[in-house]
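Colleague: I am new to reading structures, and I would love a close look at one part of this one. Could you start from a single residue and walk me outwards from there?

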Amino acid sequence: METLSSNACFGGTQHVIKHTSKACNCDMTFALFLPAEAQDGPVPVLWFLSGLTCTHENAMVKAGAQGWAAEQGIALVFPDTSPRGEDVANDEAYDLGQGAGFYVNATQQPWKPHFQMWTYIADELPALLAENFPLDMDRQAISGHSMGGHGALTLAMSLPGRFKSVSAFAPIAHPTNSDWGRKQLTAYLGSEEGDWAAHDASLLMQEKGFDGPILVDQGTDDQFLDLLMPEALSSAMAKRRQNGVFRMQAGYDHSYFFISTFMEDHVTFHADALWSA
């Protein structure tokens, strides 16, 4: 690992770290906020997965999460959204390739050699964090925005017992039936639609649900509302009688102004689940 930067932040430290990823077969960068309590022992962990075109930096800088995490004594992990580098496959479109990993393990060329984001987030990065930092990996929660909300929800429902809580801001809720999903899932996983279901939060909610509380916020003025399809996830949660809250926030769009407005709610929601576990 190489520490690219470390900054004092709300009594704790905000790190940016680069490491060689075996899963993605390239260097990866992530950000880690450690609250002051980490100096005395392991602290709970909240993951935040970012959306299309983002890196580790977007939520680290724009979400305003560190102050609330410091107040609750929990760590924050901001992974990158995809593998990167000159030898990593890419596409001219913003919604495919670098910056658009969709948190899946690609099985198709030219994406397969590097785009193994599911394994990276589910296995490799947690193991690296557990080995090198004072984190209580028995107390994990996960959140995300847009493509990252899709990733947070699908990981949480597919890894029972891993996360105490899950939340999402404007998640891509039904990608198997949306242009933000069908294009990418075809490219990464192939044309067999049966292989896509494991990466659709609405279908997973119907099949499995989540063994903990869920919080979802969606803005009513989101410019991508038709692509996100929040009604599919809301309906699936209601039919399953899932322990959760789905909120339509009047007047809010898809931006980090929306995320930062409700970040305190999300961090507090996760802290309650993490500290009561």
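What is the relative accessibility of D265, and does this residue count as buried, partly exposed or exposed?

Modeller: Happy to! Please keep in mind that this is a predicted model. D265 has a relative accessibility of 33%, so it counts as partly exposed. The reasoning is short: buried means under 20% and exposed means over 50%, so a value in between is called partly exposed.

Let us see what D265 does with its side chain. D265 forms a salt bridge with R247, and the closest N and O atoms of the two are 3.0 Å apart. The partners come from distant parts of the chain: R247 belongs to strand β9 (residues 244–249), while D265 belongs to helix α9 (residues 256–276), and 18 residues separate them. R247 is also partly exposed, at 24% relative accessibility. There is a third member too, as salt bridges link D217, R247 and D265 in a network. As background, side chains of opposite charge can pair when their charged atoms come close.

The structure holds seven salt bridges altogether. Another one joins E2 and K18, with 3.7 Å from N to O. This pair also links distant parts of the chain, with E2 in strand β1 (residues 2–9) and K18 in strand β2 (residues 12–21), 16 residues apart. E2 is partly exposed at 41% relative accessible area, and K18 is partly exposed at 28%. In a further salt bridge, the side chains of R139 and D136 meet at 3.1 Å, N to O.

Now back to helix α9, where aromatic rings come into the story. A search of the whole structure finds 10 aromatic pairs. One of them is F169 with F258: the ring centres are 5.9 Å apart and the planes stand at 85°, so the pair is edge-to-face. Because F169 lies in strand β7 (residues 163–169) and F258 in helix α9, this pair ties together parts that are 89 residues apart in sequence. Compare their accessibility with that of D265: F169 is buried at 0%, and F258 is buried at 0% as well, whereas D265 is partly exposed. Ring pairs also link F48, F78, F169, Y252, F258 and F262 into a cluster.

Another part of helix α9 borders an enclosed space. The structure holds one cavity of 30 Å³ or more, and about 40 Å³ of space lies in the largest cavity. Its lining consists of L46, F48, A65, L76, F78, S143, M263 and H266. Strands β4 and β5 and helix α9 each supply at least two residues of that lining. By class, the lining has six nonpolar residues, two polar ones and no charged residues. Two of the lining residues, F48 and F78, are also members of the aromatic cluster.

Strand β4 deserves a stop of its own. Seven of the seven residues of β4 (residues 43–49) are buried, so this strand is largely enclosed by the rest of the structure. What sits beside it? Strand β5 (residues 75–79) runs parallel to β4, joined by three bridges. L46 in β4 has L76 in β5 as its bridge partner, and L46 and L76 are among the residues lining the cavity. Strand β6 (residues 135–144) also runs parallel to β4, and six bridges join the two. There, L49 stands opposite G144 in β6. As a general point, the side chains in a regular strand alternate between the two faces of the sheet.

To retrace the walk: D265 is partly exposed and takes part in a salt-bridge network with D217 and R247. In helix α9, which holds D265, F258 is buried and belongs to an aromatic cluster. Helix α9 also supplies at least two residues to the cavity lining, as do β4 and β5.

Note on methods
Residues are numbered from 1 along each chain as its sequence is written. This is a predicted model: local features need pLDDT of at least 70, side-chain atom pairs count only at pLDDT 80 or more; totals for chains, interfaces and linings use all residues. Side-chain values use heavy atoms; hydrogens and water are left out. Buried means under 20% relative accessible area, exposed over 50%, partly exposed in between (1.4 Å probe, protein chains only). Helices (H or I, at least four residues) and strands (E, at least two) are DSSP runs, numbered from the N terminus. Two strands pair if DSSP finds at least two bridges between them. A salt bridge is a side-chain nitrogen of Lys or Arg within 4 Å of a carboxyl oxygen of Asp or Glu. Rings of Phe, Tyr and Trp (its six-membered ring) pair if their centres lie within 6.5 Å; planes under 30 degrees apart count as stacked, over 60 as edge-to-face and the rest as tilted. On a 1 Å grid over the protein atoms alone, a cavity is a set of points where a 1.4 Å probe fits but cannot get out, and a pocket is an open set with protein on both sides within 12 Å along at least five of seven lines; lining residues have an atom within 4 Å of a point. Grid points are joined across faces, edges and corners, and a volume is the space filled by probe spheres set on the points. Ala, Val, Leu, Ile, Met, Phe, Trp, Tyr, Cys and Pro count as nonpolar, Asp, Glu, Lys and Arg as charged, and the others, Gly among them, as polar.
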